[in-house]
Amino acid sequence: MKNIQAIRGMNDILPDTSKYWAMVEGILKQIVLQYGYQEIRLPLIESTKLFSRTIGEATDIVEKEMYTFLDRNGDSLTLRPEGTASCIRAGIEHGLFYNQVRRLFYYGPMFRHERPQKGRYRQFHQFGVEAYGLAGPDIDAEIMLLARSFWQELKIDNKVELQINTLGNADARAKYRERLVEYFKGHYEFLDEDSKRRLLSNPLRILDSKNPGLQDLIKNAPKIFECLDSEARRHFDGLCDILDKVNIPYVVNPRLVRGLDYYCLTVFEWVTTDIGAQNAVCAGGHYDGLVAEMGGKATPAIGFALGLERLLSLAVDSLRLPSSDVVYFVLLGDQAKASGMLLADKIRQNSKVSVIVNCGGGDLSTQLKRANKSEANIALILGEAELVKGEVLLKYLRENKPQENVKLEDVGNFLNSNN
RNA sequence: GUGAGCGUAGCUCAAUUGGUAGAGCCCCGGAUUGUGAUUCCGGUUGUCGCGGGUUCGAUUCCCGUCGCUCACCCCA
């Protein structure tokens, strides 16, 4: 029988890699907490309607990428393809947004049934940040400052670029959509198959096309700025003004549109050229209409999601794992074996170090080999001779220092002060 | 969903114009019966992805299939 393998596009994160995940998650979490954002933990499964309504019926996510199945009672359920819909659902359900400002964050796995490639998997992980009840543009800038803190702390500030654009309000977006359709219909014969399809489903996305043959056509297309009302224009100018003053470099990219239906006003992407074709590390925008659309009171909202797989592949080179204090407990003889586990627990209680106790026997040489292969930087040797003296023999595995004898009752303190 | 490249040991890879496979790392034992990492010696690695075809004979050639990777589409 063939061995069972992981589902396509679903990855195991093995110990060598999980260390980096834990470190990055810790850094991100610490930063958002410092900005006053609170964690919200959301279910992985929601009612299918939640996503089809909010993300947009005509988007690829809803049309063909959702993991949808019937519950035993016949309800249609879906593994979440993104976090914002759930976040708003939870916020309305528990009254979090009612006349209040909320700064929230979440992280965890998302699911989209796409063909996997570098930086894109069927189960992938997002870290999302969302702010409710603030119209901006100051909150827009805050969120970008926050993201910039991520890159600085992860030492990848020089690898990412911020691109911003505005989509205007719903009216402007509708008007712009019409003008774009008109324009591209006038040049229909030059469009490729994908763009002809997009003309019907989501004309804004034609602007995003990677086809080199289309670039001239796109360059000459009408600009969203021609359709903006004065309020949207003020919002965007206000954002640019703050970004300039807080020294966040950015590029205005009028062709930047987002795939999901719910975005309006400010949209932005942090992009990179370092991780393959999937170049968006972090992206988001305003979704001021969503809360009301889902039955809540009209509430301005802005947020972004960042792809942790993409972030990891970008940051892993510059990350230095914190050195860990680990000792390996070598036990020789039946007496030592009997008391070793107990002693190890005493050390764990009296110090902050991790203690790996040798299991499976072996002579001194064998056990030291294991110690050397482990992450331990110190071996503690306890044999008949040491037991009699009430000591352990402490041997440094990674530094050129002489080994020394330490009284059993002093081991915890010794390890503490040594590190 | 579409296209291209690749599937040989736990890992990284080699080889055979078609004659049933090899190296490094890893692992185990010994030199070293209480001293690891270095060095030396020895040992185990395998339905050559799966199925079929051609052939006296297929890991090699052909067809199919599955898997992986990258790219398109789409998105974080």
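**View 1. Two domains of chain A.** Domain bounds here come from an automatic or database domain assignment. This is a predicted model, and its chain A splits into domain 1, made of residues 15-169 + 229-315, and domain 2, residues 326-418. Going by C-alpha atoms, the centres of domain 1 and domain 2 sit 48 Å apart.

**View 2. Helix α1 against helix α5.** Here we zoom in on α1 (residues 15-34) and α5 (residues 138-153), whose axes lie 10 Å apart and make an angle of about 145°. The crossing of α1 past α5 is right-handed. On the α1 side, look for I27, L28, I31 and V32; they meet L146, S149, F150 and E153 of α5. Sorted by class, that contact has six nonpolar residues, one polar and one charged.

**View 3. The surroundings of RNA strand B.** There are 55 residues around RNA strand B, and the ones that come nearest are G259, G276, A283, G307 and N372. Helix α13 (residues 364-373) gives the most to this surface, chipping in seven residues. As for the mix, the surface near RNA strand B has 22 charged, 19 nonpolar and 14 polar residues.

**View 4. The β3-β4 hairpin.** Strands β3 (residues 67-70) and β4 (residues 76-79) run antiparallel and pair over four bridges. To find your way across the pair, start at Y67, which stands opposite L79 in β4. Five residues lie between β3 and β4 in this hairpin, and G74 in the turn has a positive phi of about 95°.

Key
Residues numbered from 1 in each chain as written. Chains lettered and ligands numbered in written order. Predicted model: local features only at pLDDT ≥ 70, side-chain atom pairs only at ≥ 80, totals over all residues. Axes fitted to C-alpha atoms, helices over the stretch in contact; angles between N-to-C directions. Helix = DSSP H or I, 4+ residues; strand = E, 2+ residues; numbered from the N terminus. Left-handed = near helix turned anticlockwise from the far one by under 90°. Contact = placed C-beta atoms within 7 Å. Nonpolar A, V, L, I, M, F, W, Y, C, P; charged D, E, K, R; others polar. Near = placed C-beta within 6 Å. Pairing = 2+ DSSP bridges.
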